[in-house]
Amino acid sequence: MLSVFFAYIRPIAALHVKKRGMIILYLLCMAINANGQTTQIDSLKGRLKLAGNDNQKLKVTLELSALVANSDPISGWKYAEDAMQLANKIQSDTLLIKAKSSLATAYLQIGNYPRALQLYQEILKSKAANPNDILSTNMNIGIIYYYESNFATAISYYDKALYLVDKRKLEKDKKKTNLEGKLYNNLGIIYEVLKKFDKADLFYSKALDMSKQSNDQNSTAHVLINWGRLYSAQGKSDLTLRFYLQALNIRKKTNNNLGLTQCYISLGAFYFEQLKDYRTAETYLKQAIALGQHNGSWINVHLASEYLYKLYNQQAKYKEAFDALKLSKQVSDSLFNAQKTNKITELETQFQIDLKQKELEAKERERDLYYVLVAIGLGFSLVLVSLLFYLQRNKVKNSLLEQAHLRMEKSNLEKDIELKNKELTTNILYLMQKNELIEDICEKLVEIKGDVGEDSKQAVQKVIIHLQSNLSPELLQEFEVRFKQVHEAFFDALKKQFPSISPGERRLCAFLKLNMTTKEIATVTHQNIKSIEIARARLRKKLNLTGTDQNLINFLSQLG
């Protein structure tokens with residue numbers, strides 16, 4: 001912990017003496033809290049070594065995962081993976097539910113939403129899940145859909161969770177109060193994003209009261225941050241700063257590094273956007289990036305680096321702005337892409353299909369029981385219904401076969417396009433290498449021509465002319481012609497959506513659609529790699545992708 005402490009001292013040195021003292025005092029407090037948690041972790045590790053059987057090991061491993069989840073999400077995930085392996089080995093449905101819940105929560109904290117959603121849906125479908133498991137799972141699925149900006153689905157899961165909370169019998173149940181507070185906080189976040197500020201304010205007020213009643217410090221800090229952000233959007237700077245600092249103080253006391261990173265981001269954004277205090281904003285944002293990188297919280301690193309880019313850009317510090325943008329882009333490309341979104345949509349669709357199938361099976365069982373009871377009087381009707389059911393099942397079966405056939409055709413078409421793309425890329429690189437080889441040989445022949453006799457010069461000249469006749473001088477134009485043959489509608493779609501795009505940028509788009517690397521593009525265009533990277537950054541801006549989570553290659557692959 002001391003190494004982390006001293007790593008923070010250097011960037012703090014340039015601050016005002018009073019501010020510097022406050023921050024150093026905070027770091028000392030954080031070190032003390034960390035030592036307390038370290039003692040607990042060491043104690044649990046000792047218990048894990050002494051555990052006599054797999055059941056004891058699983059219990060201690062789950063405790064370790066929950067204990068380190070906020071301060072070190074990566075370690076929390078690793079312990080959850082170990083717990084999952086132990087649960088599978090024990091083959092206990094109840095323990096497997098606990099392990100899945102722990103692992104799903106770990107994936108949620110490190111930003112792997114598709115895997116988290118898959119595990120949560122397995123819990124909902126399991127007969128071994130108890131009401132508490134179902135409640136917390138609905139709540140966490142709502143969080144995932146909020147992060148994916150699917151607010152309607154998120155609200156529906158939160159409503160399910162609230163309904164389950166209301167079914168609890170004990171009116172003064174501390175855990176019930178805590179869960180209600182978290183759900184109201186999450187609903188407040190959504191209505192804030194939807195700019196329904198009155199509703200958001202009401203939910204945040206309820207959430208803060210309940211988190212204080214349950215004495216949940218982390219929940220209280222979370223609500224304060226969210227409520228402060230709401231007031232910031234309404235121009236109430238004094239309330240915003242007060243709530244943010246209260247939350248920061250709580251995060252320090254509880255040693256919640258994940259929450260602390262989020263506090264730094266909120267304060268950095270506030271000082272930058274509202275107070276125009278760039279120096280303080282820069283300090284908070286840098287601390288957020290350092291802490292996020294240390295903890296593996298890449299979502300927060302992405303957010304902080306985006307704000308830092310805007311701050312430097314505002315101050316005309318273009319080198320620092322470029323470095324911040326580069327970090328943001330690297331993190332963004334690894335976290336947010338179309339594959340994750342498509343995977344979540346696919347999982348949700350499959351989940352809904354499974355639920356409908358279970359409902360259909362339940363109705364069929366009820367109908368079968370009814371037919372058994374009235375079999376004597378309705379034998380003919382039973383035969384008729386059974387026949388209709390058989391026909392319907394065949395119809396469904398045929399429909400599934402047809403869908404599978406369509407998917408196969410689509411897959412074959414995509415493979416064919418991919419093959420043509422590879423052939424096109426290979427041909428253009430081959431032609432470029434051939435041109436370079438011919439030019440190199442011609443240069444050497446010209447040198448030799450000056451050293452031979454008059455009789456041989458004419459022969460050498462003929463060889464030079466023959467070689468030059470095999471050059472492909474209009475190589476890039478030939479590439480565009482061949483590219484259009486494979487992707488007929490690409491350039492038309494590109495020109496229609498972005499009429500101001502230049503020929504060179506259009507050609508760069510074609511190279512990227514073929515998934516060519518920066519090095520390959522540089523070889524074909526006779527440019528250095530740095531120029532290609534700059535061209536890519538300008539292209540993102542012209543395609544209105546700057547500041548978004550959209551991957552450039554994925555965006556171009558969807559055109560045409």
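When I say contact in this talk, I mean heavy atoms within 4.5 Å, and in that sense S328 is in contact with H302, S305 and E306, leaving aside its neighbours within four places in sequence. Before going further, please keep in mind that this is a predicted model, in which local features need pLDDT of at least 70 and side-chain atom pairs count only at pLDDT 80 or more, while totals for chains, interfaces and linings use all residues. Residues are numbered from 1 along each chain as its sequence is written, and side-chain values use heavy atoms, with hydrogens and water left out.

Let me stay with S328 for a moment, which sits in helix α16, residues 318-335; helices (H or I, at least four residues) and strands (E, at least two) are DSSP runs here, numbered from the N terminus. Buried or exposed, then, for S328? S328 counts as buried, because its relative accessibility is 5%, where buried means under 20% relative accessible area, exposed over 50% and partly exposed in between, with a 1.4 Å probe and protein chains only.

Now the chain as a whole. The protein chain has 25 helices and zero strands, and 40% of its 560 residues count as buried. If we take the contacts between residues at least 6 apart in sequence, 58% of them join residues at least 24 apart. The chain exposes about 32100 Å², of which carbon and sulfur atoms supply 55%; the accessible areas come from the Shrake-Rupley method with a 1.4 Å probe, and for residues only the protein chains shown count as cover.

Next, helix packing, beginning with helix α10, residues 197-213, and α11, which pack at an angle of about 155° with their axes 9 Å apart. The axes are lines fitted to C-alpha atoms, for helices over the stretch in contact, and the angles run from 0 to 180 degrees between N-to-C directions. Angles under 35 degrees count as roughly parallel, over 145 as roughly antiparallel, 65 to 115 as roughly perpendicular and the rest as oblique, and α10 and α11 are therefore roughly antiparallel to each other. Their crossing is left-handed, a term used if the near helix is turned anticlockwise from the far one by less than a right angle, with right-handed used if clockwise. Among the residues that make this contact are F197, D201, Y204 and L208 of α10, and V223, W227 and L230 of α11. By class, the residues of the contact of α10 with α11 divide into 11 nonpolar, five polar and three charged, where Ala, Val, Leu, Ile, Met, Phe, Trp, Tyr, Cys and Pro count as nonpolar, Asp, Glu, Lys and Arg as charged, and the others, Gly among them, as polar.

One residue of that contact deserves its own remark, namely W227, which lies in helix α11, residues 217-233, and is buried, with a relative accessible area of 10%. Which residues does W227 touch, not counting those up to four places away in sequence? They are D201, Y204, S205, L208 and F243. In addition, the C-alpha atoms of W227 and E192 are separated by 9.3 Å, although these two residues are 35 residues apart along the chain.

Just ahead of this pair, in the loop between α9 (174-193) and α10, we find K195, which has a positive phi of about 65° although it is not a glycine, and which is exposed, with a relative accessible area of 64%.

A second pair is helix α13, residues 257-273, with helix α14, residues 278-295, whose axes come within 8 Å and cross at roughly 155°, so that α13 and α14 are also roughly antiparallel to each other. The crossing of α13 and α14 is left-handed, and the residues of their contact divide into 14 nonpolar, seven polar and no charged.

The third pair has another geometry: helix α23, residues 518-525, and helix α24, residues 529-542, have axes that come within 9 Å and cross at roughly 110°, and α23 and α24 are therefore roughly perpendicular to each other. Their contact includes K519 and I521 of α23 together with E533 and R536 of α24, and its residues divide into four nonpolar, two polar and three charged.

I will end with A83, which lies in helix α4, residues 73-90, and counts as buried at 0% relative accessibility. Leaving aside its neighbours within four places in sequence, A83 is in contact with L58, T61, L62 and A99.
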